[in-house]
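Subject: Handover of a structure

Dear colleague,

Please find below the structure that I am handing over to you. My notes on what was found in it follow directly after.

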Amino acid sequence: MPPQKVGAETRIVQFTNCRILRGHTLLREDLWIRGGRILDPEKLFFEEKRSADEQRDCEGHILAPGFIDVQINGGFGVDFSLPSEDVGSGIALVAKNLLAYGVTSFCPTLVTSPPDIYHKVLPQIIVRNGSSQGAGVLGVHLEGPFISHEKRGAHPESHLRTFETDAFQELLKTYGSLENVAIITLAPELRRSYEVIREITSRGICVSVGHSVSHLKEAEEAVQNGATFITHLFNAMLPFHHRDPGIVGLLTSDQIPPGRQVFFGMIADGIHTNPAALRIAHRAHPKGLVLVTDAIPALGLGNGRHTLGQQDVEVDGLTCCVAGTKTLCGSVAPLDACVRHFLHATGSQSGEKGCSVEMALEAATLHPAQLLGIEKQKGTLDFGSDADFVVLDDSLNVKATYIAGELVWQDKTLSH
């Protein structure tokens, strides 16, 4: 009887000679994959009596879960906050280019815009899995327009909104639809925000506090009503003060409901946050730290004048400002560079409580997955999870990116 041909869904691939990030530790183990998911080799051997159909030598590299960016405004000339007849093609272009930076999933982010922009753009952004065509879309991050005038940053003041009599209906009227929305950033000090937070979170959408002049008590009440995230910690919020630490105080608050985890985004691009501030945040609440890029459409394009939603911006090196001002307006550092900078700023060289390689990687993988409640599928290399992963050298440079166990991007110097 001739041997049966092994189909793509049943084909077993074994990645050897590697260190895999699992259980908060880099382990010298092999990674087994079948049908786009990670296999338990013991069950394979003892229950199915199977072995690998193919082995791939990883040359001693690190295998980590694919990076997840929950705040990215665009890139490579694409602005998610600008309407077009084919928003999907812009999303696809960004998704394809993100593979080179180890990003396998992301949340396209829209900055404060008029309602007609949301109504045109949101229906065209669809949640989908990643593939050889690009990183997966986990849902939209709506950053504004329900934010503080004082801490609006690069958000256009003319389009900011507040919650009126029918608070949640006002939000629905503004956005048009919450389908395919994953995160909404709002300022918790706005009147009636707590009832809005309850309505949003009851629909399975994450609420983030940010662009805000909130005091600590207001921020704690937001968390008690369901908020679980802080948008780019330290940026666009009241500075830390010892008598009222503001939103920053959530990192060590004793008023967080039992079982509730507060996560916080950080832009570790070397511009937005001083290394000392990165170290303070990491040491205060390491399990909640989520690295984000807050990347703007100029990502990948170089210096010059570009757009962000309704604003013109100027890029000089890694510094991005609203044109004609010194107001920061996002980043042009990709997520893998943020991981490397974060590790350099907070690593063991900064003291005995320094961040490990594992913790730095989890800030771009496990933590964003936990924030979105998808850690059973994404953000880990646990058995049964999606086989989205990145191959890294010891300096955490991306050498290859895999989605559902398929090679989707490869550095030309890597042999396999």
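**Cysteines**

Cys-329 is buried, its relative accessible area being 5%. Please keep in mind throughout that this is a predicted model. The search of the whole structure returned 0 disulfides. Cys-329 accordingly takes part in none, and the cysteine sulfur nearest to its own belongs to Cys-320, at a distance of 5.6 Å. Because a pair of cysteine sulfur atoms must lie within 2.5 Å to count as a disulfide, that distance does not qualify. Cys-338 is likewise in no disulfide; for this residue the nearest cysteine sulfur is again that of Cys-320, 11 Å away. Cys-338 is buried as well, with a relative accessible area of 0%.

**Nonpolar cores**

Which residues touch the most other members of the largest nonpolar core? They are Phe-106, Ile-230 and Leu-250, in a core that has 86 residues. The element that gives the most to this core is helix α8, residues 335–346, with 6 residues. A second core, separate from this one, has 15 residues, among them Ile-20, Cys-58, Ala-387 and Tyr-402.

The surroundings of Ile-230 may be worth viewing in the structure. Leaving out residues up to four places away in sequence, Ile-230 touches Ser-208 and Val-209, then Met-237, Ile-247, Leu-250 and Leu-251, and finally Val-262, Phe-263, Phe-264 and Gly-265. Leu-250, which is in this set of contacts, is also one of the three residues named above for the core.

**Gly-75**

Gly-75 belongs to strand β9, which covers residues 74–75. Is Gly-75 buried or exposed? Gly-75 has a relative accessible area of 0%, so it counts as buried. When neighbours within four places in sequence are set aside, the residues in contact with Gly-75 are Val-94, Ile-296, Pro-297 and Leu-299. Leu-93 stands 18 residues from Gly-75 in sequence, and the C-alpha atoms of the two are 8.7 Å apart.

**The cavity**

The count of cavities of 30 Å³ or more comes to 1. The volume of the largest cavity is about 40 Å³. Its lining is formed by Gly-66, Ile-68, Thr-104, Ser-105, Gln-377, Lys-378, Gly-379, Asp-386 and Asp-388. Sorted by class, the lining residues of the largest cavity are 5 polar, 3 charged and 1 nonpolar.

**Backbone features in loops**

Three places in the backbone are noted here, each with its position in the chain.

- The peptide bond that runs from Gly-144 to Pro-145 is cis, and its omega is near 10°. Pro-145 sits in the loop that joins β13 (140–143) and α4 (167–175).
- Lys-49 is not a glycine, yet its phi is positive, near 55°. Lys-49 is found in the loop between α1 (41–48) and β6 (54–57). With a relative accessibility of 65%, Lys-49 counts as exposed.
- Ala-236 also has a positive phi, about 60°, without being a glycine. The loop that holds Ala-236 lies between β16 (229–230) and β17 (263–266).

As you go through the structure, you may wish to set Lys-49, which is exposed, beside Gly-75, which is buried.

With kind regards

Terms used. Residues are numbered from 1 along each chain as its sequence is written. This is a predicted model: local features need pLDDT of at least 70, side-chain atom pairs count only at pLDDT 80 or more; totals for chains, interfaces and linings use all residues. Side-chain values use heavy atoms; hydrogens and water are left out. Helices (H or I, at least four residues) and strands (E, at least two) are DSSP runs, numbered from the N terminus. Buried means under 20% relative accessible area, exposed over 50%, partly exposed in between (1.4 Å probe, protein chains only). Contact means heavy atoms within 4.5 Å. On a 1 Å grid over the protein atoms alone, a cavity is a set of points where a 1.4 Å probe fits but cannot get out, and a pocket is an open set with protein on both sides within 12 Å along at least five of seven lines; lining residues have an atom within 4 Å of a point. Grid points are joined across faces, edges and corners, and a volume is the space filled by probe spheres set on the points. Ala, Val, Leu, Ile, Met, Phe, Trp, Tyr, Cys and Pro count as nonpolar, Asp, Glu, Lys and Arg as charged, and the others, Gly among them, as polar. A nonpolar core is a set of buried Ala, Val, Leu, Ile, Met, Phe, Trp, Tyr and Cys residues joined through side-chain atoms within 4.5 Å.
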